[in-house]
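Student: I have a structure to read and would like to go through it with you. Please give the reasoning behind each term as we go.

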Amino acid sequence: MTDYKIHIIDTQYHGPLPIATFLVESSKGLVLVETSAHSTLENVKLKISELGFDWKDIQHVLLTHIHLDHAGAAWCFAENGATVYLHPFGYNHMNDPSKLLKSATMIYGDLMDYLWGTLKPIPADQLVIVEDGEVINILGLDFKSIHSPGHAKHHIAWQLNNHLFAGDLAGICFENGVVIPPCPPPDINIEDWTNSIDKVLAIQEIDTYYITHIGKVTGDLIGHMKKLKKTLKEYAEFLLPYFQNQTDLNQTVQEFKRYTMDRLKAEGLSVKQIKDYEDSNSAIGSVQGILRYWGKKLGAPQ
Ligand SMILES: [Zn+2]
């Protein structure tokens, strides 16, 4: 087996959400898992050079999904010759990002550039679609693709021996062990997410998660995922009556915010820690994501 070392890079994103990329160093070269946003590229380059490497030596990039905080800088590595591995449903958006860019610009407006940067097309011959269960060997390392819809329909968790690059599958978790699910539109699906969690938990050899927001989770992985599944279900149940009653969006967001803050308070977090969690997971995003889920599942409320 080829030896490897995983470097966690905090990309020092200037928004409220901490974002990591993971540099896998093997004796045969470098693999990057997640690229973070285009707006953090200079930070990532700097951190890679501080680790003693040249970012230009990265010729293989694995994406967990194509949201801008995970895949936004993939095109820069591709311009430098890298091959990008991704889910079949993410392919079109990376090959022709015009739609993705347009919808993000509609949401973020003038802040788009500052928050996320831009996107450019990745040529077809540098994009590799990876099917569920497929193992790809890169520089002597076997990465197994685990399709894991729920947060996004184009989500892959990548297994490398006992390590799992979980993307957003295992939620947002800071050092104190509290986990919350990021639920932005348009793909949130509670049942799919729960099934994806169970799929990963069934893989006995995995003992460490590398999560993009942010870091390493070890120890009680079953407990971590159980909490996440429970929170997901309860978030959705909380918002169901708001969906059914077609409550005003602002009011829904305010009440959801109070609800999630109370939950964090009950976990024993400090005011600062609660704020960090709240800021990292936009309430309006989660409300819209979960209301959309209910709409798809139940149809328009009568
Ligand atoms: Zn995401």
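Tutor: Begin with T218, which touches D207 and T208 once residues up to four places away in sequence are set aside. T218 is found in strand β14. Keep in mind that this is a predicted model.

Student: Why is T218 called exposed?

Tutor: A residue is exposed if 12 or fewer other C-beta atoms lie within 10 Å of its own. T218 has 9 C-beta neighbours inside 10 Å, so T218 counts as exposed.

Student: How far is T218 from Q244?

Tutor: Their C-alpha atoms are separated by 39 Å, and the two residues are 26 apart along the chain.

Student: How do you know what span to expect for α8?

Tutor: The expected span is 1.5 Å times one less than the number of residues. The 24 residues of α8 should therefore span 34 Å, and the end C-alpha atoms are 35 Å apart, which agrees.

Student: Where does α8 have a kink?

Tutor: The kink is at F238, shortly before the proline P241, and is about 25°. The angle is taken between axes fitted to the seven residues ending there and the seven starting there. Just after α8, Q246 takes a positive phi of about 50°.

Student: Which residues of α8 are buried, and what covers them?

Tutor: The buried ones are H224, M225, L228, L232, Y235, A236, L239, Y242 and F243. Their cover includes β12, α7, β14, α9 and α11.

Student: What span is expected for α11, and what span does the model give?

Tutor: Helix α11, residues 283-298, has 16 residues. Its first and last C-alpha atoms are 22 Å apart, close to the 22 Å expected at 1.5 Å a residue. Just after α11, G299 takes a positive phi of about 80°.

Student: Which residues of α11 are buried, and what do they pack against?

Tutor: They are A283, S286, V287, G289, I290, L291 and Y293. These buried residues pack against α7 (190-201), α8 (221-244) and α9 (249-266).

Student: What are the domains of the chain?

Tutor: The domain assignment gives domain 1 (4-229) and domain 2 (232-298). Their centres, taken over C-alpha atoms, are separated by 24 Å.

Student: How many residues of each domain are in contact with the other?

Tutor: 22 residues of domain 1 are in contact with 20 residues of domain 2. On the domain 1 side, the elements that give two or more residues are α7 and α8. The most comes from α7, with 3 residues. That side of domain 1 divides into 17 nonpolar, 4 polar and 1 charged.

Student: What makes a set of residues a nonpolar core?

Tutor: Its members are buried nonpolar residues of certain kinds, such as Ala, Val and Leu, joined through C-beta atoms within 7 Å. The largest nonpolar core here has 80 residues, and those with the most contacts inside it are A74 and V84. The largest share of this core, 8 residues, comes from α8. Domain 1 and domain 2 each give at least three residues to this core.

Student: Which residues is V84 in contact with?

Tutor: Leaving aside neighbours within four places in sequence, V84 is in contact with V61, L63, A74, A78, M94, I122, Q126 and L127.

Student: Why does a positive phi or a cis peptide bond get a remark?

Tutor: Most residues other than glycine have a negative phi, and most peptide bonds are trans. E34 has a positive phi, near 75°, and lies in the loop between β3 (29-33) and α1 (41-50). N161 has a positive phi, near 55°, and lies in the loop between β9 (156-160) and β10 (163-167).

Student: Why do E34 and N161 count as buried, exposed or partly exposed?

Tutor: A residue is buried at 20 or more neighbours, exposed at 12 or fewer, and partly exposed in between. E34 has 28 C-beta neighbours inside 10 Å, so E34 counts as buried. N161 has 15, so N161 counts as partly exposed.

Student: Which peptide bonds are cis?

Tutor: One of them runs from P185 to P186, with omega near 5°. P186 lies in the loop between β12 (179-180) and α7. Another joins H213 and I214, with omega about -5°. I214 lies in the loop between β13 (208-211) and β14 (215-218).

Technical notes:
Residues numbered from 1 in each chain as written. Predicted model: local features only at pLDDT ≥ 70, side-chain atom pairs only at ≥ 80, totals over all residues. Helix = DSSP H or I, 4+ residues; strand = E, 2+ residues; numbered from the N terminus. Contact = placed C-beta atoms within 7 Å. Domains from an automatic or database assignment. Nonpolar A, V, L, I, M, F, W, Y, C, P; charged D, E, K, R; others polar.
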